[in-house]
Amino acid sequence: MKRSQINQIMQAADDLIRRHGFVLPSFARWSPADFAARLDAGFIRSARMGWDITDYGLGDFDRTGLFLFTLRNGLLSDLQRGGGMCYAEKLLISRQDQLSPMHTHSLKAEDIINRGGATLVVELFGSDDRGGFAPDRGGVVLCDGIPRPYGPGEKLRLAPGESVTLKPGDWHAFWGEGGDVLIGEVSTVNDDETDNIFREPLGRFAAVEEDEAPLHLLVSDYARWLD
């Protein structure tokens with residue numbers, strides 16, 4: 001993705017988030033120079049909180065892509081010992097007909113919440129006995145706390161305010177239907193570098209072409225720009 005496109009997506013996303021009554025934290029507004037100068041930003045960097053825009057390495061963000069902002073994220077060490085900051089929260093934007101491809105997680109359980117906008121479609125498949133994608137299996141999820149069995153390939157349609165709880169082994173893809181959707185994600189500790197298992201071989205983060213200066217850093221920029 002070109003950096004100019006990423007900058008434009010950031011500005012449009014911030015506008016959409018504000019229209020739905022949410023405001024991003026102050027570190028969302030830091031420039032790269034601001035970030036580099038902050039001696040107190042170590043936890044934000046190590047927890048990979050912040051901007052995240054991906055085309056999954058396919059080069060067609062409008063068709064296959066996702067906007068994310070990690071608002072807070074705990075530590076895997078806390079999760080492993082069973083105490084401390086064991087949770088994470090994100091805001092996502094799924095544009096109309098923009099696919100977030102079929103995937104699951106080996107560790108993370110997550111609530112996916114339609115925070116506003118159009119309908120969020122979530123396509124579901126179950127897993128085989130080893131956790132792999134199973135085209136002929138369904139499962140059971142919670143929709144706003146109510147158990148809901150699903151068949152293979154079933155599509156849940158979540159209106160604003162509705163949610164689904166996904167656990168490891170619930171294979172899922174999602175997109176906006178009828179317009180763009182602001183999504184909330186509340187989960188256990190999030191590790192996007194190792195805990196995304198895609199049905200097809202995909203890259204989790206975008207390769208960036210530096211055609212202009214970054215407005216804000218992506219989480220995938222931190223190692224290269226700040227270390």
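Mentor: Let's start with one term: contact means heavy atoms within 4.5 Å. Keep in mind, too, that this is a predicted model.

Trainee: Thanks! With that in hand, which residues does glutamate 123 touch, not counting residues up to four places away in sequence?

Mentor: Leaving out those sequence neighbours, glutamate 123 touches Met102, Gly153, Glu154, Lys155, Trp171, His172, Ala173 and Trp175. You can find glutamate 123 itself in strand S5, which covers residues 110–127.

Trainee: Why is glutamate 123 called buried?

Mentor: Buried means under 20% relative accessible area. Glutamate 123 has 17% relative accessibility, so it counts as buried. Across the protein, buried residues make up 49% of the 227 residues.

Trainee: What makes the protein as compact as a globular protein of its length?

Mentor: First, its make-up: the secondary structure comes to 5 helices and 12 strands. The radius of gyration is 17 Å, and the globule rule gives 17 Å for 227 residues; the two values are close, so the protein is as compact as a globular protein of that length. The C-alpha trace spans about 50 × 45 × 35 Å along its principal axes.

Trainee: What share of the contacts with a separation of 6 or more comes from residues 24 or more positions apart?

Mentor: Those residues account for 73% of such contacts.

Trainee: How many cavities of 30 Å³ or more does a search of the whole structure find?

Mentor: The search finds 2. The largest holds about 150 Å³ of space. It is lined by 18 residues, and the closest to its centre are Leu66, Leu68, His103, Glu185 and Asn196. Strands S2 (66–73), S3 (87–94), S4 (100–104), S5 and S11 (171–188) each give two or more residues to that lining. S11 supplies the largest share, 3 residues.

Trainee: How do you know which lining residues of the largest cavity are charged?

Mentor: Asp, Glu, Lys and Arg count as charged, so Glu belongs in that group. Glu185 is one of the lining residues of the largest cavity. In total, that lining divides into 7 nonpolar, 5 polar and 6 charged residues.

Trainee: And what lines the second largest cavity?

Mentor: That cavity holds about 40 Å³ of space. Its lining consists of Phe27, Ala28, Trp30, Phe35, Met49, Gly50, Trp51, His216, Leu217 and Tyr222.

Trainee: What makes Gly50 a polar member of that lining?

Mentor: Gly is among the residue types that count as polar, so Gly50 goes there. The lining of the second largest cavity divides into 8 nonpolar, 2 polar and no charged residues.

Technical notes. Residues numbered from 1 in each chain as written. Predicted model: local features only at pLDDT ≥ 70, side-chain atom pairs only at ≥ 80, totals over all residues. Heavy atoms only, no water. Helix = DSSP H or I, 4+ residues; strand = E, 2+ residues; numbered from the N terminus. Buried < 20%, exposed > 50% of the residue type's maximum accessible area, 1.4 Å probe, protein only. 1 Å grid on protein atoms, 1.4 Å probe; cavity = no way out; pocket = protein on both sides within 12 Å on 5 of 7 lines; lining within 4 Å. Points joined across faces, edges and corners; volume = space filled by probe spheres on them. Rg over C-alpha atoms; globule rule 2.2 N^0.38 Å.
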